[in-house]
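Notebook open, coffee poured. I want to go through this chain piece by piece and write down what I look up.

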Amino acid sequence: QLQLVESGGGLVQPGGSLRLSCAASGFTVDYYNIGWFRQAPGKEREGVSCISKSDHTTLYADSVKGRFTISRDNGENTVYLQMNSLLPEDTAVYYCAADVLDVQTCTIETMWRYRGWGQGTQVTVSS
């Protein structure tokens, strides 16, 4: 059973940084494409970033490109999301999930194929 737990959120001022963690249990995270998603109040959940299992190719939403970095630590069985230059519009609950389709390249466009959603971690960017 896929199970992922997000952590690392908090309150940060605009321009600040946070590193989110996505810890996997019950499976090896390197065997799956992993995605980060977020949902702001009153808005639909959207894709933020993903990392592919095969060659660790990464994808980013245009809104976070150049500011966020996704990475894996296979020894820790964890995927990270380093968030720099945070903006108030980054405020949301952030989730990670595993792509259950056996494809080589990840996507953040089709959330239906992701499983193992955790409770999320709240990120608030405010002065």
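Below are my entries on the core, the disulfides, one sheet and one loop residue.

**Entry 1: ground rules.** I'm working on a predicted model, so I only trust local features at pLDDT of at least 70.

**Entry 2: the core.** I started with the largest nonpolar core, which has 35 residues. Which members touch the most others? I get Trp-36, Phe-68, Val-79, Leu-81, Met-83 and Tyr-94. Next I checked which elements give two or more residues to this core: β3 (18–25), β4 (34–39), β5 (46–51), β7 (68–73), β8 (78–83), β9 (92–99) and β11 (121–125). I noted that β9 gives the most, with five residues.

I then pulled the contacts of Tyr-94, skipping neighbours within four places in sequence. The list includes Trp-36, Phe-68, Leu-81 and Met-83, which I had already written down among the core members touching the most others. Tyr-94 also contacts Glu-6, Leu-20, Phe-37, Arg-38 and Val-48. Further along the chain I found Gly-120, Thr-121 and Val-123 on the list.

**Entry 3: disulfides.** How many are there? My count comes to two.

I took Cys-22 and Cys-96 to begin with; their sulfur atoms sit 2.1 Å apart, and they form a disulfide. The S-S torsion is about 85 degrees, so I logged this disulfide as right-handed. Cys-22 is in strand β3 and Cys-96 in strand β9, 74 residues apart, so to speak a link between distant parts of the chain. Are these two cysteines buried or exposed? Cys-22 has 0% relative accessibility and counts as buried. Cys-96 is buried as well, with a relative accessible area of 0%.

Then I looked at Cys-50 and Cys-106, joined S to S at 2.1 Å. With 75 degrees about the S-S bond, this link is right-handed. It too ties together distant parts of the chain: Cys-50 is in strand β5, Cys-106 is in the loop between β9 and β10 (114–115), and they are 56 residues apart. Both Cys-50 and Cys-106 are buried. Counting bonded cysteines along the chain, I wrote the pattern as 1-3, 2-4.

**Entry 4: a four-stranded sheet.** I traced an open sheet in the order β1-β3-β8-β7, with antiparallel pairing. Which strands are at the edges? They are β1 (3–7) and β7, each pairing on one side only. Ignoring direction, neighbouring strands here are turned by 20 degrees against each other on average.

I went through two of the pairings. β3 and β8 are antiparallel over six bridges, and I noted Leu-20 bridging to Leu-81 in β8. β1 and β3 are antiparallel over five bridges, with Val-5 partnered by Ala-23 in β3.

While on β1, I checked its two faces. Leu-4 and Glu-6 make up the covered face, whereas Gln-3, Val-5 and Ser-7 are on the uncovered one. Glu-6 had already turned up in my contact list for Tyr-94.

**Entry 5: Asp-102.** My last stop was the loop between β9 and β10, where Asp-102 is found. I have Asp-102 down as exposed, at 66% relative accessibility. What does its side chain reach? There is a polar contact of 2.7 Å between the side chains of Asp-102 and Lys-53. I also took the C-alpha to C-alpha distance from Asp-102 to Tyr-31: 9.4 Å in space, with their positions 71 residues apart in sequence.

Key
Residues are numbered from 1 along each chain as its sequence is written. This is a predicted model: local features need pLDDT of at least 70, side-chain atom pairs count only at pLDDT 80 or more; totals for chains, interfaces and linings use all residues. Side-chain values use heavy atoms; hydrogens and water are left out. A nonpolar core is a set of buried Ala, Val, Leu, Ile, Met, Phe, Trp, Tyr and Cys residues joined through side-chain atoms within 4.5 Å. Buried means under 20% relative accessible area, exposed over 50%, partly exposed in between (1.4 Å probe, protein chains only). Contact means heavy atoms within 4.5 Å. A disulfide is a pair of cysteine sulfur atoms within 2.5 Å. Two strands pair if DSSP finds at least two bridges between them. Axes are lines fitted to C-alpha atoms, for helices over the stretch in contact, and angles run from 0 to 180 degrees between N-to-C directions. A polar contact is a pair of N or O atoms within 3.5 Å; within protein, one must be able to donate a hydrogen and the other to accept it, and residues adjacent in sequence count only if both atoms are side-chain atoms.
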